[in-house]
Amino acid sequence: FKAVRKLDGFKRAFWVFLKDLRRDFTITRCRRFAQAIALGCELPQTTGHIYSHYLNRPTSVARYAAIMRELPWSFSAHAKDIWTTPEWEKREKIADAQWGTTCTRFGRNHLAGLAPMGEQNKVMLTYHGLDIPRFPKPPQRREMRDGSNPQKPVRIVSVGRGVAKKGFDDLFNALAMLDPALNWTFVHIGDGALLDQMKQQVKDLGLSDRVEWLGAKTRDVVINTLRSSDLFVLASKIDAAGDRDGLPNVLMEALSQKLPCLATDVSGIPELINHGDSGWLVSPAAPEMMAEAAERLIKEPELRKKLGDAGYKRLKTDFTLDKCLLQIAERFGVGAGGD
């Protein structure tokens, strides 16, 4: 602590911390400042910039440490850290940062609206992008299953943690509304705090014989499951705390295998999926709408193929990792024109 007090920016960092503490009087806030002290002392003297992932706690540490060391700093914001961070805190972090980036246009517009007048461009949009060469080529063809054959049910899959914002309660309610004569199975991959509750809901709805629970699985298992399925479904919504998905990577992973996607038009999802073209979108927290869409997609394999093909093309055109990373690299002077 004696060493950090000698840093030229320590006094200012301390006053910024006290200002924050008055509005967020928590032990967590104190921990962030303590971590910033450690970071400020340990950073090499050659450090020229601090870059932080997540706009909430990690960026608090980065901001305090950067002020102590009188360094420029920047951040990337994603989903929960945007929507559960108080507005006053977002405004002040954006004002202090040299620049920031986030992974959806929806999030970018929100953060840019909190930037100081005339500085909206300091927040940029950078999609995550998918490293497509790491994934196998899509299956040559899928069986044109339409739910009419009990021996060949349409295979529906979803990947996601058992948390409220994933909307699995809405999804299971939607599945329970499907025509009982349709033949389908549903596979869930993921763990999470609500998993037991989800299983009980499925049991109460009388769907246990149609639902398979795989739990958390490795990437290879996830990809192989996507390849052997007919439809991917994600029922994301905004939870009670305001948390929501950004642009879930699993949607891009599904499209990498030409697997058609049925999802909700929450946050950045419509930026990847154009309704009726590269996928199918319904309103969040609307099981009736999801049931209607799922039933149509189960019955119409040609429509599924059209959506899967178009989704794959959109992925390869606008959401590749190299294209998305180039913007970040250029900010650091790296890339086509850098060293």
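Select E143 in this predicted model. E143 is partly exposed, because its relative accessible area is 35%. Now add K152. Its side chain meets that of E143 in a salt bridge, 3.2 Å from N to O. K152 is partly exposed too, with a relative accessible area of 39%. Both ends of this bridge therefore fall between the buried limit of 20% and the exposed limit of 50%.

**Next stop: E119 and K122**

Select E119 and K122 together. They form a salt bridge, and their closest N and O atoms are 3.2 Å apart. Is K122 buried or partly exposed? K122 is buried, because its relative accessible area is 13% and the cut-off for buried is under 20%. E119, at 32% relative accessibility, counts as partly exposed.

**Next stop: a bridge within a helix**

Show helix α13, residues 287–299. Pick out K299 and E295. Their side chains meet in a salt bridge of 3.3 Å, N to O. How many residues apart are K299 and E295 in the helix? They are 4 residues apart, so about one helical turn separates them. K299 counts as partly exposed, at 41% relative accessibility.

**Next stop: a network**

The structure holds 25 salt bridges. Some residues are linked through such bridges into a network. Select R12, K19, D20, R23, D24 and R29. Then add R63, E89, E92, K93 and D96. These residues make up one network of salt bridges.

**Next stop: a positive patch**

Turn to the surface and select R31, R57, K80 and R161. Which charge gathers here, positive or negative? The four residues form a patch of positive charge. Zoom in on R161. It sits in the loop between β5 (154–159) and α8 (168–176). R161 counts as partly exposed, because its relative accessibility is 44%.

**Last stop: helix α11**

Select residues 249–256, which are helix α11. Is this helix mostly covered or mostly open? It is mostly covered: 6 of its 8 residues are buried. Colour V250, L251, M252, A254, L255 and S256 to see the buried ones.

Now show what these buried residues pack against. Among the partners are β5, the strand before the loop of R161, and α10 (219–227). Add β8 (231–234) and β9 (261–264). Finish with α12 (269–272) and α14 (301–318).

Step just past the end of α11 and click K258. Its phi is positive, at about 55°.

Conventions. Residues numbered from 1 in each chain as written. Predicted model: local features only at pLDDT ≥ 70, side-chain atom pairs only at ≥ 80, totals over all residues. Heavy atoms only, no water. Patch = residues over 30% accessible without salt bridge, like charges linked within 9 Å, V, L, I, M, F, W, Y side chains within 5 Å. Areas by Shrake-Rupley, 256 points an atom, 1.4 Å probe, with all protein chains shown as cover. Lys, Arg positive; Asp, Glu negative; His and termini not counted. Charge placed at Lys NZ, Arg CZ, Asp CG, Glu CD. Helix = DSSP H or I, 4+ residues; strand = E, 2+ residues; numbered from the N terminus. Buried < 20%, exposed > 50% of the residue type's maximum accessible area, 1.4 Å probe, protein only. Contact = heavy atoms within 4.5 Å.
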